[in-house]
Amino acid sequence: MDQFTLNILFVGASFALYIGIAIWARAGSTSEFYAAGRGVHPVTNGMATAADWMSAASFISMAGLIAFTGYDNSSFLMGWTGGYVLLALMLAPYLRKFGKFTVPEFIGDRFYSPTARLVAVICLIVASTTYVIGQMTGVGVAFSRFLEVSNSTGLFIGAGVVFAYAVFGGMKGVTYTQVAQYCVLITAYTIPAIFISLQLTGNPIPALGLFGEHTQSGQPLLQTLDALVTDLGFNDYTGHHGNTLNMVLFTLSLMIGTAGLPHVIIRFFTVPKVADARWSAGWTLIFIALLYLTAPAVGAMARLNLITTTYEGGNIEQPIDYAARPDWMKNWEVTGLLKFEDKNGDGKIQWYNDASSNEEFNAKVEAMGWKGSELSVNRDILVLANPEIAQLPGWVIALVAAGGLAAALSTAAGLLLAISSSVAHDLFKGQLTPNISEAGELMTARVSMAIAIGVATYLGLNPPGFAAQTVALAFGLAAASIFPALMMGIFSKRINNKGAVAGMLTGLVVTLIYIFLHKGWFFIPGTNSFSDADPLLGPIKSTSFGAIGAALNFAVAYFVSNATEEPPQEIIDLVESVRIPKGAGAAQDH
Amino acid sequence: MADNSSNNEYWSANVRLIKISLVIWALVSFGFGILLRPLLKGISVGGTDLGFWFAQQGSILVFLALIFFYAWRMNSLDREHGVEE
């Protein structure tokens, strides 16, 4: 059976499973649509949240970014897991106790202000929509590669599938679908990693293999890798080369953003008890850690494999002949994501750092007659190409295809649900049309979901930037706007309506402006005044600005609240009650 | 709010626990993983230093331990103060 048929078979079977589950668990009431009737076990919820959380960025992109940069990109690993500590300790149990459906509902009630609720809805829609655009871009790329169709066709197919189960299923459908998706994506990620770890280190656990011994050289794997990459003029893999302040702020932004993303927070409304919300965050992180502990191993081993397949035995003086290149290179050349250009006309592949600042190295390659690096490898193909590089069987490659799509689709669906529930529940039922019937509310939720998919698909066709940039924007915005308001709402009795609104607006607007200054206004290319290579504020890149936006949000909320009147007694009582698990009961629908 | 003083005690115990947990959280990631890495250069782990291990693996394991420790400790605090569901 050829690879294309295998891909169709695996991807098709996994989709049939997701859609089947969505139909089986179809939502009947509004409460089921948003929150699965709160009948979800913490382990099940943890698994679904993990699938919801791990998107195309985690599955397809992250290991590639780590592979090509090494230690400096550890921010992704720490940032995207460390946020769960904030979530578990500072938000999840209290929001579950509060017992409503959406994040803006909490902000509106705690800050006794429809304006606060409206501002929260705006923050939520801005952050979630940008995130969905990134996912739809990923969906398009993955579909087009594996179904061998054009990028736009792939995007339309993906949009149709997301629409089908998110719109008709609601939260309950999405929860069980996401459990299935988690199983598919973690299997798809781990199996090739185990094979490769066995090949290189003899250790079946990739996370241990990373710090193990490279069988062939008898040296520790990371030392072998450091030696190979520095031989080729690159920075050593384990060294720290970037700016320290930027690395700290970037990590912090990703952490706070994780705890502030509404589609993740909403998950903790769906467990039966406050105690379960605490456990649930832990289970979620366990399921995420299974992938995140494997990812740095995948990155390092893929980099090693890349070098040893382009240079015989990893020896810089023995580049392979282009004509004798391995099959995986031929396959990926077709997509244009891997390119070879024979600059010195010797028919061999020279892949090295031609922008090295090491004079000795530059003199050496010049003496060998090299005229620049001849191979360009897109970082995003690494995880998908990994099984091919390691010459694993065809079914593993097809499984990885299904896994990548599961990651992208599950996140897109969760985000759409968060958007639709805040539009229907917070905007229409809460403010515009308070007397709307349950059926009308469900219909509004579905229509807003369809509109959001339409917008995201359109922007996914003409993305404002790379998926990773769009995703970073979403994190920065959630960090700067939603997280501080939620945290202060629980941990301070003094923050009032005016403080919260001023804080959220400051965080959102300042962060948006900083990002637009670097990425272009509304992402229109060429309208940017600065670039991330030379940012406005010293070393602080636009992707790291979320942490500063959050600090401004806290500061403004604090000063404005202290300059204005104290919150009324019933709000102080509300904060008191949110802090105590007793009497949580079932969800209250107003 | 049947028993306000007990509730206040419960809350300060919770805040204390959160503070301790967050100090550890910051120490393993921003501390050992980034800022204090040069100080840990001497301790080698599998071909590299301890700071690298914390940045790519250790911090995640500590985060996990922190969340489960917090959940377990809070659930028993809930019972001690009679505020469990």
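These exercises, with worked solutions, treat helix packing, the chain interface and salt bridges in a predicted model.

**Exercise 1.** Describe how helices α4(A) and α14(A) pack, and say what kinds of residue make the contact.

Solution.
1. Locate the helices: α4 covers residues 56-69 of chain A, and α14 covers residues 295-310 of chain A.
2. Take the geometry of the axes, which come within 8 Å and cross at roughly 55°.
3. Classify the angle. Angles of 65 to 115 degrees count as roughly perpendicular and those under 35 as roughly parallel; α4(A) and α14(A) are therefore oblique to each other.
4. Assign the hand: the crossing of α4(A) past α14(A) is right-handed.
5. List the residues. From α4(A) come A:Met62, A:Ala63, A:Ala67, A:Phe68 and A:Thr69, and from α14(A) come A:Ala295, A:Val298, A:Gly299, A:Arg303 and A:Leu306.
6. Sort them by type: seven are nonpolar, two polar and one charged.

**Exercise 2.** Work out whether α11(A) and α22(A) are oblique or roughly perpendicular to each other, and name the residues that meet.

Solution.
1. Helix α11 spans residues 244-260 of chain A, and helix α22 spans residues 546-563 of chain A.
2. Their axes come within 7 Å, with a crossing angle of roughly 65°.
3. The range for roughly perpendicular is 65 to 115 degrees, so α11(A) is roughly perpendicular to α22(A).
4. On the α11(A) side, A:Leu249, A:Leu252, A:Ser253 and A:Ile256 take part; they meet A:Gly546, A:Ala547, A:Ile548 and A:Ala550 in α22(A).
5. By type, this contact has six nonpolar residues, two polar and no charged.

**Exercise 3.** Repeat the analysis for α7(A) and α19(A).

Solution.
1. Helix α7 (residues 114-147) and helix α19 (residues 438-461), both of chain A, pack at an angle of about 60° with their axes 8 Å apart.
2. These helices are therefore oblique to each other.
3. The passage of α7(A) across α19(A) is right-handed.
4. A:Val132, A:Ile133, A:Met136 and A:Thr137 of α7(A) touch A:Ala456, A:Thr457, A:Leu459 and A:Gly460 of α19(A).
5. The division is five nonpolar, three polar and no charged.

**Exercise 4.** Characterise the interface of chain B and chain A by residues, buried area and salt bridges.

Solution.
1. Count the residues in contact: 44 from chain B and 57 from chain A.
2. Take the buried area, about 4400 Å², with carbon and sulfur atoms giving 73%.
3. Find the main contributors in chain B. B:Trp11, B:Gln56 and B:Glu85 lose the most area to chain A, together 17% of what that side buries.
4. Look for charge pairs across the interface; the rule finds one salt bridge there.
5. Identify a pair of side chains: B:Asp78 and A:Arg278 form a salt bridge, with N to O at 2.9 Å.

**Exercise 5.** State how many salt bridges the structure holds, then place the pair A:Arg267 and A:Asp52 in chain A.

Solution.
1. Over all chains there are 10 salt bridges.
2. In the pair A:Arg267 and A:Asp52, the closest N and O atoms are 3.0 Å apart.
3. A:Arg267 sits in the loop between α12 (262-265) and α13 (274-292), whereas A:Asp52 belongs to helix α3 (residues 42-53).
4. The two residues are 215 residues apart, and the pair links distant parts of the chain.

Notes
Residues numbered from 1 in each chain as written. Chains lettered and ligands numbered in written order. Predicted model: local features only at pLDDT ≥ 70, side-chain atom pairs only at ≥ 80, totals over all residues. Heavy atoms only, no water. Axes fitted to C-alpha atoms, helices over the stretch in contact; angles between N-to-C directions. Helix = DSSP H or I, 4+ residues; strand = E, 2+ residues; numbered from the N terminus. Parallel < 35°, antiparallel > 145°, perpendicular 65-115°, else oblique. Left-handed = near helix turned anticlockwise from the far one by under 90°. Contact = heavy atoms within 4.5 Å. Nonpolar A, V, L, I, M, F, W, Y, C, P; charged D, E, K, R; others polar. Buried area = accessible area lost by both parts, 1.4 Å probe. Salt bridge = Lys/Arg side-chain N within 4 Å of Asp/Glu carboxyl O.
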